[in-house]
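User: Hi! I am new to reading protein structures and would like to learn how the words used for them are justified. Could we go through one together?

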Amino acid sequence: MTDKNETIAESPNQAEQCRIQLAALIPEAFSEGELDVIALRRAIGEDAIIEGGERYALTWAGKSTAYKVLQTPSTATLRPERDKSVNFDQAQHVFIEGDNLEVLKILQKAYFGKVKLIYIDPPYNTGSDSFIYPDRFQESKEEYLRRIHDLADDGMLMREGFFRKNSKENGHYHSNWLSMMLPRLYIARNLLREDGVIFVSCDDNEVHNLRCLMNEVFGEENFIAQFVWKSRVSEDTRATTGVSTDHEYIVAYSRTGEAVLRGIEKDLEKFSNPDSDPRGPWRSADLTGLATKDARPNLHYDLIDPNTGVNYCCPPKGWRFDPETMQKKISEGRILFPSNPEGRPRHKLFLEEMRSLFKNMSTVITDVSTGDGTKEVNALLGQGVFSFPKPSGLISLLAEQVMGDGDLMVDFFAGSASSFEAITSLNERNGVKRRAVLVQLPEPVGENSEAARAGFSTIADIARERIRRVISKTQQSVDLASAEQKDAGFKSFLLAPSNFKQWRGDGIDTPEQLAEQMQMFAKSEKEGAQVEDMLYELLLKFGQELTTSIETLNVAGGKVFAIHGRKTLFVLKQFTEAMIQPLVDLKPREIITIDGVFQDSDNLKTNLDLQCRDSGIKFTCL
Ligand SMILES: C[S@@+](CC[C@H](N)C(=O)[O-])C[C@H]1O[C@@H](n2cnc3c(N)ncnc32)[C@H](O)[C@@H]1O
């Protein structure tokens, strides 16, 4: 514990000295630098009564607020950005710029229970990380809207203090990180499929807290593994402890007990059929056992080659099979006796008979290192544009454990978009179409950074540019018929204020104010709201994914958007009497409109409503 208030010119601060001495003597009496009186009393042998009794729990300053933050609904939306996208209409991958908590809240309805894999690499809480502070519950509605506006208008960061550094001296150093993580993990869990899996990267700073938090959110019974990833290849010469910490962690949980990781492909190259065995390719396998004579006496015997009579003495740990099974295998030609009597017999393992083509994945990952991630980003975007990106090979190793064709992955701390490169290269390799949704804050790059020199303003810009370059690399490298190439592209969205007016009951005290409010809400959409922006806001509100295929129809001169084989129609631009019959003839299940399209004609609206009722079509006017 450091002396926070003392400067060289000042005399020693007595109180601070006492604090330091007490903390050195009774460290358990302090939590995040604050004195815990109950812990102090317990330490000196006094009775210390804990309200509600003692129990096992993870608790921190601000936990209740974190739950409230989670429960506060978002009033924002996602605005499509065609100019920042590639192949917007066909693309199956999505990139969203914005604070991931707001974005997750917005995505919740459309993506509930649909995501197979969530991979996140959040700030590790090293003491120099910045993140969005979880204390926004006190924020008024106006402040909130202004913040979302700020973000939309200049694309940069929000109000002072909203996104800030969490230093180790901060009194709530661990609490802040936990409060930031809790609501995000909660919503992440809602997005996962029953057989979905989440992988969270972290290091020693928070792994202990992360495990407890994940136990709370996902359930201890859904813990899969805590992988150790050897991220560092060469020694950390800056370490002051005499220890070079060369690894990070990846904590894995499943949504329910249903998920099983696939495992690592067995090396099938060793299988061949040099003797044209009708049972197909085989490889030779060890025949020695694993048990002592005391433990398994029936596995300890001499093995005699029936053709040569050569006696192969029992190995120290016996044979793999008992005498009866061994005789059967000999008669089936499955035992390989060596031509040289000094050699050891082995047995034939047939490819056809293998129980699985995969072996269990080790909890220690050594395949790739941080250096590989840096090389990838340097090669695509230039030297030093993004520090410590994850190697895409690490993420694809995880992704192929759980994702199959058409499956969706979400990474809501996307950074430089390594996950996108991981998914794309996996797709290219196996000719399947896994999809990705990435979320990244428009965190400004440092003023004198390489990224700024390369022309990037925010990390979201870096991510988008990497996605573009990965797509163009894919297009150059794959053959024309490849699945990945056909709809190679991504849809870019921006967290933005809603296109619709929010009903506000507060601040209305007089009939005049009420009348004014009613007038304002004669139209639900805001002045200047763009049709496509409203369409995407409604798609999300009606539980449709951002990559839902949209057909644009011309109905009696009016523009209509259709989804689900024209079962749901959106009329958001203009509406005329002439459109009613052709719309009804399309036999949709539902027609969704906004007030504005009727241009103050109640008759027109009532007519459409009546015709819809007659034809059993659900009519929704917002
Ligand atoms: C450790 S980096 C992720 C690096 C990434 N895995 C890669 O390989 O490039 C964490 C990222 O999360 C972003 N981030 C932090 N808070 C966020 C938030 N509230 N919403 C969205 N992104 C956030 C940071 O800007 C940072 O780029």
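User: In which strand is the place of S492?

Analyst: Happy to help! S492 sits in strand β21 (residues 490-497); strands are DSSP runs of E with at least two residues, helices are runs of H or I with at least four, and both are numbered from the N terminus. This is a predicted model, where local features need pLDDT of at least 70, side-chain atom pairs count only at pLDDT 80 or more, and totals for chains, interfaces and linings use all residues. Residues are numbered from 1 along each chain as its sequence is written, and side-chain values use heavy atoms, leaving out hydrogens and water.

User: Why is S492 called buried?

Analyst: Buried means under 20% relative accessible area, exposed means over 50%, and partly exposed lies in between (1.4 Å probe, protein chains only). S492 has a relative accessible area of 0%, so S492 counts as buried.

User: What does S492 touch?

Analyst: Leaving aside residues up to four places away in sequence, S492 touches R79, P80, E81, K84, S85, F88, F95 and R464. A contact here means heavy atoms within 4.5 Å.

User: Why is E32 called partly exposed?

Analyst: Its relative accessible area is 25%, so E32 is partly exposed. E32 lies in the loop between β1 (30-31) and β2 (34-35), and its phi is near 45°, a positive value in a residue other than glycine.

User: What makes A417 buried?

Analyst: A417 has 0% relative accessibility and therefore counts as buried. A417 is found in the loop between β19 (408-411) and α11. Its phi is positive too, about 70°, although A417 is not a glycine.

User: How do you know that the span of helix α11 agrees with the expected one?

Analyst: The expected span is 1.5 Å times one less than the number of residues. For the 13 residues of α11 (residues 418-430) that gives 18 Å, and the end C-alpha atoms are 19 Å apart, so the two agree. After α11 comes G431, with a positive phi near 60°.

User: What is the span of helix α4?

Analyst: Helix α4 (residues 100-111) spans only 14 Å between its end C-alpha atoms, while a straight helix of twelve residues would span 16 Å.

User: Why is α4 called largely enclosed by the rest of the structure?

Analyst: Ten of its twelve residues are buried, so the description fits. Among them are L101, V103, L104 and Y111. G113, which follows α4, has a positive phi near 65°.

User: What makes α6 mostly covered?

Analyst: In α6, 16 of the 19 residues are buried. The span of α6 (residues 173-191) should be 27 Å and its end C-alpha atoms are 28 Å apart, which agrees.

User: How many residues surround the ligand?

Analyst: There are 19, and the closest are D121, K390, S416, S418 and E443. A residue is near a molecule if one of its heavy atoms lies within 4 Å of it.

User: What makes the pair between K390 and the ligand a polar contact?

Analyst: With a ligand, a polar contact is a pair of N or O atoms within 3.5 Å. A backbone N or O atom of K390 lies 2.8 Å from an oxygen atom of the ligand, so this pair meets the cut-off. An N or O atom in the side chain of Q440 is also 2.8 Å from a ligand oxygen atom.

Definitions and conventions. Polar contact = N/O pair within 3.5 Å; in protein donor to acceptor, adjacent residues only side chain to side chain.
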